[in-house]
Amino acid sequence: MVTAIQAAQRAAQAASFRVRGEAATFARGANSCELTAVRGQSTWERSETYQAVRVGDRSTDWIALAADLTISGTMVTPQRGDTVTVDNITFRVMPFGPSSQLWQYHDQERRYIRIHTKERD
């Protein structure tokens, strides 16, 4: 049973994809799938021993329906080296933050996945 809050979250997410979604290609080697993804960003900062030194990282994230990550009929989760290409710009799946995550679920229902990437030539 879907609660009123879950229904509202689903409606907001669907509206975000309609307005901000970009056509993207997710690829693993020679295999790929087409999907709609919303561009995001994650940042991670921590202070080092010396107060003037800041260490951190930033990633370009792609939020997509987990079910859309289907290659050759099989749902996949991102692996290091996979790519997301949008407007002929390629982003590689790369570890992010202190736990070196490649991806994470974007919602409690695990319908959406957030893929951490870096732009690469």
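**Entry 1: terms and model**

I take a residue as buried when its relative accessible area is under 20%. I am working from a predicted model.

**Entry 2: H116**

I looked up H116 first. H116 sits in strand β9. Its relative accessible area is 1%, so I log H116 as buried. Next I checked what its side chain meets. The side chains of H116 and D61 are joined by a polar contact of 2.9 Å. I then listed the residues that H116 touches, leaving out those up to four places away in sequence. Among them are S42, S59, T60 and D61. R92, V93, M94 and F96 are also on that list, and so are Q101, L102, W103 and Q104.

**Entry 3: D61 and its other partner**

D61 came up again when I turned to charged pairs. How many salt bridges does the structure hold? I count three. In one of them, the side chains of D61 and R114 meet at 2.7 Å, N to O. This pair links distant parts of the chain, with D61 in strand β3 and R114 in strand β9, 53 residues apart. Both D61 and R114 are buried.

**Entry 4: the salt bridges of R28 and R39**

I moved on to R28. Its side chain meets that of D82 in a salt bridge of 2.7 Å, N to O. R28 is in strand β1, while D82 is in the loop between β5 and β6, 54 residues away. Is each partner buried or partly exposed? R28 has 22% relative accessibility, so it counts as partly exposed. D82 has 3%, so it counts as buried.

R39 was next. The side chains of R39 and E22 form a salt bridge of 3.1 Å, N to O. R39 belongs to strand β2 and E22 to strand β1, so the pair ties together parts 17 residues apart in sequence. R39 counts as partly exposed because its relative accessibility is 34%.

I add one general note. Side chains of opposite charge can pair when their charged atoms come close.

**Entry 5: the largest nonpolar core**

I then looked at the nonpolar side. The largest nonpolar core has 18 residues. Which of them touch the most other members? They are F26, L35 and L69. I also noted the elements that give two or more residues to this core: β1 (22-28), β2 (31-47), β3 (54-65), β6 (83-86), β7 (89-93) and β9 (112-119). β2 supplies the largest share, three residues. In soluble globular proteins, nonpolar side chains tend to be buried together.

**Entry 6: L69 and I113**

I followed L69 outward, leaving aside its neighbours within four places in sequence. L69 is in contact with F26, C33 and L35. T74, M75, V76 and P78 are further contacts of L69, as are I113 and I115.

I113 lies in strand β9. Its relative accessibility is 2%, so I113 counts as buried. Beyond four places in sequence, I113 touches W62, I63, A64, A66, L69 and P78. W103, Q104, Y105 and H106 complete that list for I113. I checked A64 in space as well. I113 and A64 are 49 residues apart in sequence, yet their C-alpha atoms are 5.6 Å apart.

**Entry 7: V76**

My last stop was V76. Where is V76 placed? V76 is in the loop between β5 (74-75) and β6. With 16% relative accessibility, V76 counts as buried because the cut-off is under 20%. Outside four places in sequence, V76 is in contact with F26, R28, L69 and I71. The C-alpha atoms of V76 and R28 are separated by 9.7 Å, and the two residues are 48 apart along the chain.

How values were computed: Residues are numbered from 1 along each chain as its sequence is written. This is a predicted model: local features need pLDDT of at least 70, side-chain atom pairs count only at pLDDT 80 or more; totals for chains, interfaces and linings use all residues. Side-chain values use heavy atoms; hydrogens and water are left out. A nonpolar core is a set of buried Ala, Val, Leu, Ile, Met, Phe, Trp, Tyr and Cys residues joined through side-chain atoms within 4.5 Å. Buried means under 20% relative accessible area, exposed over 50%, partly exposed in between (1.4 Å probe, protein chains only). Helices (H or I, at least four residues) and strands (E, at least two) are DSSP runs, numbered from the N terminus. Contact means heavy atoms within 4.5 Å. A salt bridge is a side-chain nitrogen of Lys or Arg within 4 Å of a carboxyl oxygen of Asp or Glu. A polar contact is a pair of N or O atoms within 3.5 Å; within protein, one must be able to donate a hydrogen and the other to accept it, and residues adjacent in sequence count only if both atoms are side-chain atoms.
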